[in-house]
Amino acid sequence: KTSIIILIIVLCITIPQKPIKWTNKHITNYITYNISLNETEKNVRAENILDYWSKNESPIIYGGGNAYYIPSFDEIHLPERSKFISYSEFYSTALHEVGHSTGHEKRLNRDLGGGFGTPSYATEELRAEIASMFIEQELGITIDENHIQNNSAYIKHWYEGIKDDPN
C-alpha cells in the first residue's frame with residue numbers, strides 16, 4: 001500500500017490532470033518521457049514530490065545528522081542536502097522517510113510502534129525501503145551499483161527479521 005500511495009502522488013504530479021485512456025502508445029510515450037528527462041528535470045520532479053509532501057502531508061525538517069520519521073509529531077527529519085554524497089542518496093533517504101510517513105494514522109494507519117529489531121519494525125523498514133526504490137525508479141533518478149548494493153543489503157537485513165513469519 002505504501003508504494004501505491006506514493007506512486008499515485010508521483011503520477012498526480014507528473015501526468016496531466018485530464019482523464020486519459022491508457023494505451024500502449026501512452027505507456028511508450030510516458031516511458032520515453034521519463035528516459036528523455038535530464039538530471040535537472042528528474043531532480044525537479046523529486047523536489048516537487050518532497051515539497052508537496054512537506055506542505056500537505058508530513059512536514060520535512062532539515063538539519064541534524066540523522067534521517068528519521070517521528071509518528072507522534074508526523075514529522076520527517078533529514079540532514080541538509082549538502083551532507084549527502086549525491087542527490088540520489090539524498091532522494092533515496094528522503095523517499096524512504098516519506099514511505100514511513102504514509103503509515104501515519106491519518107493516512108494508512110499502520111502500526112508504527114514496533115520497537116527496533118521486532119518483526120513489525122522490520123516489516124515497516126522493508127515497506128519504506130521498497131517504496132523508496134519504486135519511486136526512484138519512477139522518477140528516473142540515476143543510481144549507481146553501490147546504491148543498488150546498499151539497498152539490497154538493507155532489504156536483506158530486515159527480511160531476516162521477518163522471514164520466520166512473513167505475514
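# A tour that starts inside helix α5

Select A128 first: this residue is buried, with a relative accessible area of 0%. Buried means under 20% relative accessible area, exposed means over 50%, and partly exposed lies in between, computed with a 1.4 Å probe on protein chains only. The structure is a predicted model, in which local features need pLDDT of at least 70 and side-chain atom pairs count only at pLDDT 80 or more, while totals for chains, interfaces and linings use all residues. Residues are numbered from 1 along each chain as its sequence is written, and side-chain values use heavy atoms, with hydrogens and water left out.

**Around A128**

A128 belongs to helix α5. Helices (H or I, at least four residues) and strands (E, at least two) are DSSP runs, numbered from the N terminus. Which residues should be displayed around A128? Leaving aside neighbours within four places in sequence, A128 is in contact with H96, G99 and H100, where contact means heavy atoms within 4.5 Å. A distance drawn from A128 to H100, C-alpha to C-alpha, reads 5.4 Å, although the two are 28 residues apart in sequence.

**The whole chain**

Now zoom out and colour by secondary structure. The protein chain has 6 helices and 3 strands, arranged from the N terminus as α-α-α-β-β-β-α-α-α. Of its 167 residues, 37% are buried. Among contacts between residues at least 6 apart in sequence, 60% join residues at least 24 apart.

**Helix α5 and its partner α3**

Select α5, residues 119-139. The buried residues of α5 include A122, L126, A131, I135 and L139, and also charged ones such as E124, E125 and E129. The end C-alpha atoms of α5 are 30 Å apart, which agrees with the 30 Å expected for 21 residues at 1.5 Å a residue; the expected span is 1.5 Å times one less than the number of residues. Just after α5, G140 takes a positive phi of about 75°.

Add α3, residues 39-56. Two packed helices are described by the angle between their axes and the distance between the axes. Here the axes of α3 and α5 come within 9 Å and cross at roughly 135°. Axes are lines fitted to C-alpha atoms, for helices over the stretch in contact, and angles run from 0 to 180 degrees between N-to-C directions. The crossing makes α3 oblique to α5; angles under 35 degrees count as roughly parallel, over 145 as roughly antiparallel, 65 to 115 as roughly perpendicular and the rest as oblique.

Show side chains where these helices meet: K42, R45, A46 and I49 from α3, against I135, E138 and L139 from α5. This contact has 4 nonpolar, no polar and 3 charged residues. Ala, Val, Leu, Ile, Met, Phe, Trp, Tyr, Cys and Pro count as nonpolar, Asp, Glu, Lys and Arg as charged, and the others, Gly among them, as polar.

**The nonpolar core and α4**

Next, select L50, I76, L78, F90, Y91, L95 and L139. Of the 17 residues in the largest nonpolar core, these touch the most other members. Such a core is a set of buried Ala, Val, Leu, Ile, Met, Phe, Trp, Tyr and Cys residues joined through side-chain atoms within 4.5 Å. At least two core residues come from each of α3, β3 (75-78), α4 (87-101) and α5, and the largest share, 5 residues, comes from α4.

Centre on I76. Not counting residues up to four places away in sequence, its contacts include W53, I60, I61, Y68, E97 and V98.

Then select α4. It is largely enclosed by the rest of the structure, since 13 of its 15 residues are buried.

**Three loops**

Which loop leads into α4, coming from β3? That loop holds S86, which is partly exposed at 28% relative accessible area. The C-alpha atoms of S86 and I143 are 9.6 Å apart, with their positions 57 residues apart in sequence.

Move to D74, in the loop between β2 (68-70) and β3. D74 is buried, at 5% relative accessible area, and has a positive phi of about 50° although it is not a glycine. Most residues other than glycine have a negative phi. The C-alpha atom of D74 is separated by 9.3 Å from that of E105, 31 residues away along the chain.

E105 lies in the loop between α4 and α5 and counts as exposed, at 63% relative accessibility. End the tour at N109, which is also in the loop between α4 and α5. N109 is exposed, with a relative accessible area of 53%, and its phi is positive, near 55°.
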